[in-house]
Amino acid sequence: MASSFGAAQVLVASNRGPVSYEVGEDGSLRARRGGGGLVSGLSAIGPEAGALWVCSALSDGDREAVRRGAGEDGVRMLDIPADVHADAYNGIANSVLWFVHHMLYQTPLEPVFDAEFRRRWASYETYNRAFAEALAEEAAQGAAVLVQDYHLTLVPGMLRELRPDLRIGHFSHTPWAPPEYFAMLPGDIAAQVLRGMLGADRLGFLTHRWADAFTACCERFTGGLGGTAVGVHGLGADADFLRARSHEADVEERITVLREEIGEGRRTIVRVDRTELSKNIVRGLLAYRQLLDDHPEWRERVVHVAFAYPSRQDLAVYRDYTAEVQRLAEEINERYGTPGWRPVVLHVKDDFARSLAAYRLADVALVNPIRDGMNLVAKEVPVVSDGGCALVLSREAGAHEELGEDAITVNPYDVVETSRALHEALTMSGDERADRTKRLAAAATALPPARWFLDQLDALRGTTASG
Ligand code: F6P
């Protein structure tokens, strides 16, 4: 696949790349391109900037594309053996590091760090090493390398040894665990993760809270940050893209369908998430049920539009969680529904155009994660909303640091408080809702994706390579 053989000036490394492949029935390869902050950032520096994105093959289609050498320019996909990748991605990154940073363990029974964990950890090391070696091979002298996320915590340290001349950055898109929770990891593993990260010249986080937690972990486990700089870059929503995209024909069509599902003259409480344990969808439904109990006047007059898109379905705990979301939505519909009113409209098939349609229609947005690096839905809804939207927002979302003042803040574990917040949001006057939405949209777009990326690149180039 595309290789620049030591010529790349700017390199990005992430588990999931900007493109994925499927093999069609006729054997041809179909490429699908993704979006997000990194894609905007790289397009902002332009094709002549010598950029290369190193990512992992994730599916059979991706592996086939690597074998056929059918890659896109500017992307190098690593064909890491499927079993190694599964151990690293599902077994360590998503089942251990994600759980630690989002504080998701049910601690009486988990985690258990046994021999199986050590076996998977060895795969995580192998997977990180494959990235470090590819980056070392591709990077030009003194190039800037931007490593992404908890999948690749060991890469900065490994790469530093291979290529002391490089400027190495790492960005965490998740929260960081406080030291007392991080300390659950076996001591040698905790130190290895932190030392791996500290191989970077500069580390980026989404909020001060996560940056401070990382620094506190280093103070406790590695004796401090050493020479590594830490910066905060609060990724914002892409206003231009969202405003244009949300007025395209497919979104208008979805609005018509959604309006029929909701019914004439009803208020809407909208949520859009990956079906992710940390998103707290189940307690969101419980809070809605509480609202219908405490305020029967809302029955028939409100609909909870909940989009819960499949994610990480290789993990049993995610499959179980998805089933619980569906079960509870059905239970609410059976208990409260009437012939002309379905209280919860739940969709689980990923459809970006329909998400934007729901954003435009929303009277209330419910964003109540247990813990979240940022949460871009909280930032996107106010930008796209047609008539102004009240935001019910968890204090544990990174976005709360920037949006808290104009949102209605909730403790994500307290479903009674959340149901009261929903009532307050539904009864907020139109004027107040519009004013708050304006301020929320301004705060949400303060750091657009391209600027977010370029700021990191500039800051990294301003550091001294610590070789
Ligand atoms: O940091 C969290 C993150 O990696 C996001 O960048 C992304 O939205 C999400 O998790 C999805 O993860 P996955 O690649 O496992 O589907």
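**View 1. N280, a buried asparagine in a loop.** At 2% relative accessibility, N280 falls under the 20% cut-off and so counts as buried in this predicted model. Look for N280 in the loop that runs between β10 (267–274) and α11 (281–294). The backbone is worth a glance too: phi of N280 is near 70°, a positive value in a residue other than glycine.

**View 2. N375, an asparagine with positive phi.** Here phi is near 85°, again positive in a residue that isn't glycine. N375 sits in the loop between β13 (364–367) and α14 (376–384). Buried or exposed? N375 is buried, since its relative accessible area is 6%.

**View 3. A cis peptide bond ahead of P111.** Follow the backbone from E110 to P111 and you meet a cis peptide bond, with omega near 0°. P111 belongs to the loop between α3 and α4, the two helices that turn up again in the aromatic views below.

**View 4. W98 and Y150, an aromatic pair across the chain.** The model holds 15 aromatic pairs. One of them is W98 with Y150, a tilted pair with 5.4 Å from centre to centre and 55° between the planes. This pair links distant parts of the chain, as its two residues are 52 apart. W98 comes from helix α3 (residues 82–102), while Y150 comes from the loop between β6 (139–148) and α5 (155–162). Both W98 and Y150 are buried. What lies over the face of W98? That would be R312, at 4.0 Å from the ring centre.

**View 5. F117 and W121, a pair within one helix.** The ring centres of F117 and W121 are 6.1 Å apart and their planes meet at 35°, so this pair is tilted. Both residues lie in helix α4 (residues 115–138), where they are four residues apart, or about one turn of the helix. F117 counts as buried because its relative accessibility is 5%, and W121 counts as buried because its own value is 4%. Step back from the pair and a bigger group comes into view: F113, F117, W121, Y124, Y127 and F131 form one aromatic cluster.

**View 6. R354 over the ring of F307.** This close-up is a simple one, with an arginine and a phenylalanine in frame. The charged end of R354 sits over the F307 ring, 4.7 Å from its centre.

**View 7. The β2–β3 hairpin.** Strands β2 (residues 19–23) and β3 (residues 29–33) run antiparallel and are joined by five bridges. For a handy landmark, find S20, which stands opposite R32 in β3. How many residues lie between the two strands of the hairpin? There are five, and G27 in the turn has a positive phi of about 85°.

**View 8. The second largest pocket.** This pocket has a volume of about 420 Å³. Its lining is made up of 17 residues, and the closest to the pocket centre are P18, L42, W53, D73 and V75. Which elements each supply at least two residues of the lining? They are α1 (37–45) and β4 (51–56). With four residues, α1 gives the largest share of the lining. Sorted by class, the lining has 10 nonpolar, four polar and three charged residues.

**View 9. A closed cavity.** Just one cavity of 30 Å³ or more is counted in the model. The largest cavity has a volume of about 70 Å³. Several elements, namely β6, β7 (167–171), β8 (202–205) and α18 (449–461), each supply at least two residues of its lining. To trace the wall of this cavity, start with L146, V147 and Q148, go on through G169, H170 and F171, then R202, L203 and G204, and end with Q456 and L460. What classes of residue line the largest cavity? By class there are five nonpolar, five polar and one charged.

Definitions and conventions. Residues numbered from 1 in each chain as written. Predicted model: local features only at pLDDT ≥ 70, side-chain atom pairs only at ≥ 80, totals over all residues. Heavy atoms only, no water. Phe/Tyr/Trp six-rings, centres within 6.5 Å; stacked < 30°, edge-to-face > 60°. Buried < 20%, exposed > 50% of the residue type's maximum accessible area, 1.4 Å probe, protein only. Lys NZ or Arg CZ within 6 Å of the ring centre and 35° of its normal. 1 Å grid on protein atoms, 1.4 Å probe; cavity = no way out; pocket = protein on both sides within 12 Å on 5 of 7 lines; lining within 4 Å. Points joined across faces, edges and corners; volume = space filled by probe spheres on them. Nonpolar A, V, L, I, M, F, W, Y, C, P; charged D, E, K, R; others polar. Pairing = 2+ DSSP bridges.
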